[in-house]
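Thanks, everyone, for making time this morning. I would like to walk you slowly through one model, so please have a look at it before I start.

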Amino acid sequence: MTSDRLPDHQTGGAMTTGSRYSRRSLIGDGLRGGVGVALCVWPFAVASVGAIWTTILGVLALMFTVYGLKAAVRGLSRICVDDVGIWSEGPFAAAIRWDELAFVKLGYYSTYRDGRGGWMQLRLAGGGKSLRVDSSLEGFGDIVDRAARVARANGIEMTPETEENLRSLDRVT
């Protein structure tokens, strides 16, 4: 989808907002992926490694490559919201109309045992489509607000985890 609207409707002039992932986050993820691949490939350049190490390092290199590619895809994507729905533009485009929204989950993923640090991910589904956005997206809080309001209006039951995460963001409760 390359237009500013969901493919099956006209918004009639409704305000459309578009958000992209922060450059800082994308650069960090890309660098982590690239360094990971380099560290996994480096042993092959300096020594002869056995079959077991070849397998282990090859799988790790593949994982870091996928991680870096995911960052690139996020960098090419834009998340758009209007009164009719939410959609992504770019690779792996998807669109969900608000009146078809059936699932909302806001998860928190900590990078430390004590719960500090980490990121949030909003998962939406409806109309046979799904969409995920994470907290490094500019305007993430506004999208969470909109999704939570629509979920309540549509009578969608949200998990206790989602409710708790909404409260932690001081968002719709």
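Before the hairpin, one definition: strands here are runs of at least two residues that DSSP marks E, numbered from the N terminus, and two strands count as paired if DSSP finds at least two bridges between them. Please also keep in mind that this is a predicted model.

With that in hand, look at strand 3, residues 85–89, and strand 4, residues 94–97, which pair in the antiparallel sense over four bridges. They form a hairpin with four residues between them, and in the turn G90 has a positive phi of about 115°. Within this pairing, G85 stands opposite R97 of strand 4.

Now to the sheet, which is open and has three strands in the order 5-6-7, with antiparallel pairing. Strand 5 (101–110) and strand 7 (129–134) are its edge strands, as each of them pairs on one side only. Between neighbouring strands of this sheet the turn is 15° on average, if direction is ignored. Strand 5 is joined to strand 6, residues 118–126, by nine bridges, and V104 has L124 in strand 6 as its bridge partner. Helix 4, residues 160–168, packs on the sheet, where it touches strand 5 and strand 6, and its direction makes about 65° with that of strand 5.

Finally, how far apart are the end C-alpha atoms of helix 2? They are 36 Å apart, which agrees with the 36 Å that its 25 residues, 51–75, should span at 1.5 Å a residue. The buried residues of helix 2 are L57, A61, A71 and R74, and what covers them includes helix 1 (23–46) and strand 7.

Terms used
Residues are numbered from 1 along each chain as its sequence is written. This is a predicted model: local features need pLDDT of at least 70, side-chain atom pairs count only at pLDDT 80 or more; totals for chains, interfaces and linings use all residues. Side-chain values use heavy atoms; hydrogens and water are left out. Axes are lines fitted to C-alpha atoms, for helices over the stretch in contact, and angles run from 0 to 180 degrees between N-to-C directions. Contact means heavy atoms within 4.5 Å. The expected span of a helix is 1.5 Å times one less than its number of residues. Buried means under 20% relative accessible area, exposed over 50%, partly exposed in between (1.4 Å probe, protein chains only).
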